[in-house]
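Please open the structure in your viewer and keep the selection tool at hand. This tour goes from one selection to the next, and at each stop it says what is there.

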Amino acid sequence: MSDNTASVSTADKSKPYIPLAGGANDGWSTEKEATATCFCGAVQVVFPTESPGLVDTFVCNCTDCRKITASMFASNFIVLDSHLTHVRGELKAFAQSKTIASGNTMTDFFCPTCGTLMYRRSSGFPDMSVMRIGTVDDFNLHETKLFPRREVFTKDRVGWLKGIEGAKQVEAGGSGNRKIETKSTQEKL
Ligand SMILES: [Zn+2]
Ligand SMILES: [Zn+2]
């Protein structure tokens with residue numbers, strides 16, 4: 001049950017903070033795992049909150065991310081598929097390679113009912129998924145274990161945002177993960 005007097009800024013960071021956000025009310029978070037749920041609640045997955053299952057965290061300002069999020073940037077984290085569990089809900093897929101400089105195909109997996117993008121997968125990195133921090137039910141994780149380690153495509157950041165204090169600033173792409181950077185430093189994720 002969520003405490004109506006709590007807010008993101010006042011929540012006790014030493015325990016999970018799961019506010020009312022969308023249709024589901026069964027999100028949870030432990031030391032090593034947590035849930036991510038779409039807005040309507042139909043789709044839920046469990047992901048790792050620690051290495052090695054949790055690979056990286058980053059914010060992306062690339063031109064694709066504006067359209068994908070219908071906002072100005074995407075806040076992402078990368079997990080190994082071997083550590084990702086589907087709890088419920090079917091996902092719809094949309095794949096394209098037109099905007100990806102490396103020629104890789106990026107596939108978006110989203111809830112067919114409410115449209116929430118749960119994760120993206122690149123044909124260049126077949127064993128991992130790029131998830132969205134905003135889908136994570138424990139909002140404290142957004143500011144703790146999932147704090148974006150770096151901010152990429154700062155060259156495309158909207159003029160009225162100033163960037164994330166404490167995140168490494170990177171002009172173009174690359175997620176900060178060595179395996180991904182070696183393959184393509186310009187990849188839009
Ligand atoms: Zn949904
Ligand atoms: Zn992007």
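A residue counts as exposed here if 12 or fewer other C-beta atoms lie within 10 Å of its own, and as buried if there are 20 or more, with partly exposed in between. The model on your screen is a predicted one, and the first stop puts the definition to use. Select Ala70, which sits in the loop between α1 (63-69) and β4; because Ala70 has 8 C-beta neighbours inside 10 Å, Ala70 counts as exposed. Ala70 also has a positive phi, near 60°, although the residue is not a glycine. Most residues other than glycine have a negative phi, and most peptide bonds are trans.

**The whole chain**

Now show the whole protein as a cartoon, in which you can look for three helices and eleven strands. Followed along the sequence, these elements come in the pattern β-β-β-α-β-β-β-β-β-β-α-β-β-α. The protein has 189 residues, and 38% of them are buried. If you consider the contacts with a separation of 6 or more, 52% are accounted for by residues 24 or more positions apart.

**The sheet of three strands**

Next, select β1, β2 and β5, which form an open sheet in the order β1-β2-β5 with antiparallel pairing. The edge strands are β1 and β5 (85-88), each of which pairs on one side only, and the twist from one strand to the next averages 30°. Between β1 and β2 you can look for five bridges, including the places where Ala36 stands opposite Val45 of β2 and where Thr37 has Gln44 of β2 as its bridge partner. The hairpin of these two strands has six residues between them, and Gly41 takes a positive phi near 100° there. On the side towards β5, three bridges join β2 to that strand, and Val46 has Thr85 of β5 as its bridge partner. How many of the residues of β2 are buried? Four of its five residues are, so to speak, under cover, and the strand is mostly covered.

Stay with the chain after β2 and select Ser51 and Pro52, which are joined by a cis peptide bond with an omega of about 5°. Pro52 is found in the loop between β2 and β3.

**The sheet of eight strands**

Now select the eight strands of the other open sheet, whose order is β6-β7-β8-β9-β4-β3-β10-β11 and whose pairing is mixed. At its edges stand β6 (92-96) and β11 (168-169), and because each has a single partner strand, one side of each is left without a neighbour in the sheet. Zoom in on β10 (residues 150-152) and β11, which pair in the parallel sense over two bridges; Arg150 has Lys168 in β11 as its bridge partner.

**The nonpolar cores**

In soluble globular proteins, nonpolar side chains tend to be buried together. In this model the largest nonpolar core has 23 residues, and those with the most contacts inside it are Phe77, Val79, Met118 and Met131. At least two residues of this core come from each of β1 (33-37), β2 (44-48), β3 (54-60), β4 (74-80), β8 (117-122) and β9 (128-132). Select Phe77 and display what surrounds it: leaving aside neighbours within four places in sequence, Phe77 is in contact with Leu54, Asp56, Thr57, Met131, Ile133 and Leu146. Apart from this core lies another, of ten residues, among them Phe58, Val59, Cys60 and Phe153.

**The loop between β10 and β11**

Finish in this loop, where Phe153 is found. Is Phe153 buried or exposed? Phe153 is buried, because 24 other C-beta atoms lie within 10 Å. Its phi is positive, at about 55°, although Phe153 is not a glycine.

The last selection is Ala167, which has its place in the loop between β10 and β11. Ala167 is partly exposed, because 18 other C-beta atoms lie within 10 Å. Not counting residues up to four places away in sequence, Ala167 touches Val59, Pro148, Arg149, Arg150 and Glu151. Finally, draw a distance between the C-alpha atoms of Ala167 and Phe58, which are 109 residues apart along the chain and are separated by 8.2 Å.

Terms used. Residues numbered from 1 in each chain as written. Chains lettered and ligands numbered in written order. Predicted model: local features only at pLDDT ≥ 70, side-chain atom pairs only at ≥ 80, totals over all residues. Contact = placed C-beta atoms within 7 Å. Core = buried A, V, L, I, M, F, W, Y, C linked by C-beta atoms within 7 Å. Pairing = 2+ DSSP bridges. Axes fitted to C-alpha atoms, helices over the stretch in contact; angles between N-to-C directions.
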